[in-house]
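Reader: I am new to reading protein structures, and I would like to learn how to describe what I see. Could we go through one together, feature by feature?

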Amino acid sequence: MVRALILAGGFGKRLQPLTLDRPKPLIEVGGKPILQWQIEWLSKQGIRDVVLAVGYLRTKVFEVMGDGSKFGVRLFYSVEEEPLGTGGAIKNAMKFLEDEVFVVLNGDVVTNLPIKPLIDQLSGNVISTIALTPMRSPYGIVHIDNEGFITEFREKPLLDYLINAGVYAFTKDIFKYLPNKGDIEVTAFPKLTSEKRIRGVIYRDVYWKSVDTVKDVEEVERVITEVYS
């Protein structure tokens, strides 16, 4: 099976004070760090070698995650001496990503989506695939009629837009497009789009949440055992 790279160097400014003494992916939800949930999710899909791109408070990651043996995987560490952005972080980890195909995910994502469809779409000219999920409104929606009377309340409905879920599959050809420093979303992806070398894979019946605020932590706490059951 392919290797996975988790971008685990985030400092999570909006999650303070939770991130004052630990990087964002080490925040605990349901009794485990987000990183542990992610590694167990990857392991269930056959991924046994996981690279962690670390920077902010990286010694904390070393202490908590170790060599990965207690989670049934092998962990490798790609260290950033300064923030490199998502594109730079992937390029910095190139020496650990020896397989023809590898998976990348953001270290703050909680999801149960299957990886295989992303890998299956890597063929021909396509060297990159992105998991896409429907956007959920952060607010409840209110409908009114022509006279201003409320007709319906809808609690945080799915909207008719697709968003980047922060889970990717790449072939090794991606390294030619990556910057030494900068975000892949604003550097490599536009060029890949213009060359038709990137494809989106839509996931509709999965759980997905990016943990960006304390409120997000509370929301994930309520459902995480069901998500990974």
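Author: What follows is a walk through a sheet, its helices, some aromatic rings and a few single residues. Please keep in mind throughout that this is a predicted model.

Reader: Let me begin with the sheet: in what order do its strands lie?

Author: In general, the strands of a sheet pair through backbone hydrogen bonds, in either the parallel or the antiparallel sense. Here the sheet is open and has 7 strands, which lie in the order β5-β4-β1-β6-β11-β8-β12, and the pairing is mixed. At the edges stand β5 (74-79) and β12 (198-202), and because each has a single partner strand, one side of each is left without a neighbour in the sheet. On average, neighbouring strands of this sheet are turned by 30° against each other, if direction is ignored.

Reader: Taking one pair from that sheet, is the pairing of β8 and β12 parallel or antiparallel, and over how many bridges does it run?

Author: Strand β8, which covers residues 128-136, pairs with β12 in the parallel sense, over 5 bridges. To find the place on screen, look for L132, which stands opposite I202 in β12.

Reader: Which strands do helices α2 and α3 touch where they pack on the sheet?

Author: Helix α2 (residues 58-65) touches β4 (49-54) and β5, and its direction makes about 175° with that of β5. Helix α3 (residues 85-92) packs on the sheet as well, touching β1 (3-7), β4, β5, β6 (101-106) and β11 (158-171), and its direction makes about 140° with that of β1.

Reader: Turning to the aromatic rings, how many aromatic pairs does a search of the whole structure find?

Author: A pair of aromatic rings is described by the distance of the centres and the angle of the planes. The search finds 7 such pairs, and a good one to study is W37 with Y228, which is stacked, with 5.3 Å from centre to centre and 15° between the planes. Since W37 lies in helix α1 and Y228 in the segment after α6 (214-227), the pair ties together parts that are 191 residues apart in sequence. Both W37 and Y228 are buried. Elsewhere, ring pairs link F102, Y168, F170, F175 and F189 into a cluster.

Reader: Which charged ends sit over the rings of W37 and F76?

Author: Over the ring of W37 sits the charged end of K32, 4.3 Å from the ring centre, while the charged end of R3 sits over the ring of F76, 4.5 Å from its centre.

Reader: I also noticed K44; is this residue buried or exposed?

Author: K44 belongs to helix α1 (residues 34-44), and it counts as exposed because its relative accessible area of 61% is over the cut-off of 50%. The side chain of K44 also reaches the backbone oxygen of Y228, at 2.9 Å.

Reader: And how should I read V2 and T171, and which residues do they touch?

Author: V2 lies in the segment before β1 and counts as buried, because its relative accessibility of 11% is under 20%. Leaving aside neighbours within four places in sequence, V2 is in contact with I47, D99, V101, F102, V103 and I119. T171, in strand β11, is also buried, with a relative accessible area of 9%. Not counting residues up to four places away in sequence, T171 touches E100, V101, F102, L122, V126 and I127, so that V101 and F102 appear in the lists of both V2 and T171.

Conventions. Residues are numbered from 1 along each chain as its sequence is written. This is a predicted model: local features need pLDDT of at least 70, side-chain atom pairs count only at pLDDT 80 or more; totals for chains, interfaces and linings use all residues. Side-chain values use heavy atoms; hydrogens and water are left out. Two strands pair if DSSP finds at least two bridges between them. Helices (H or I, at least four residues) and strands (E, at least two) are DSSP runs, numbered from the N terminus. Axes are lines fitted to C-alpha atoms, for helices over the stretch in contact, and angles run from 0 to 180 degrees between N-to-C directions. Contact means heavy atoms within 4.5 Å. Buried means under 20% relative accessible area, exposed over 50%, partly exposed in between (1.4 Å probe, protein chains only). A polar contact is a pair of N or O atoms within 3.5 Å; within protein, one must be able to donate a hydrogen and the other to accept it, and residues adjacent in sequence count only if both atoms are side-chain atoms. Rings of Phe, Tyr and Trp (its six-membered ring) pair if their centres lie within 6.5 Å; planes under 30 degrees apart count as stacked, over 60 as edge-to-face and the rest as tilted. A charge sits over a ring if NZ of Lys or CZ of Arg is within 6 Å of the ring centre and within 35 degrees of the ring normal.
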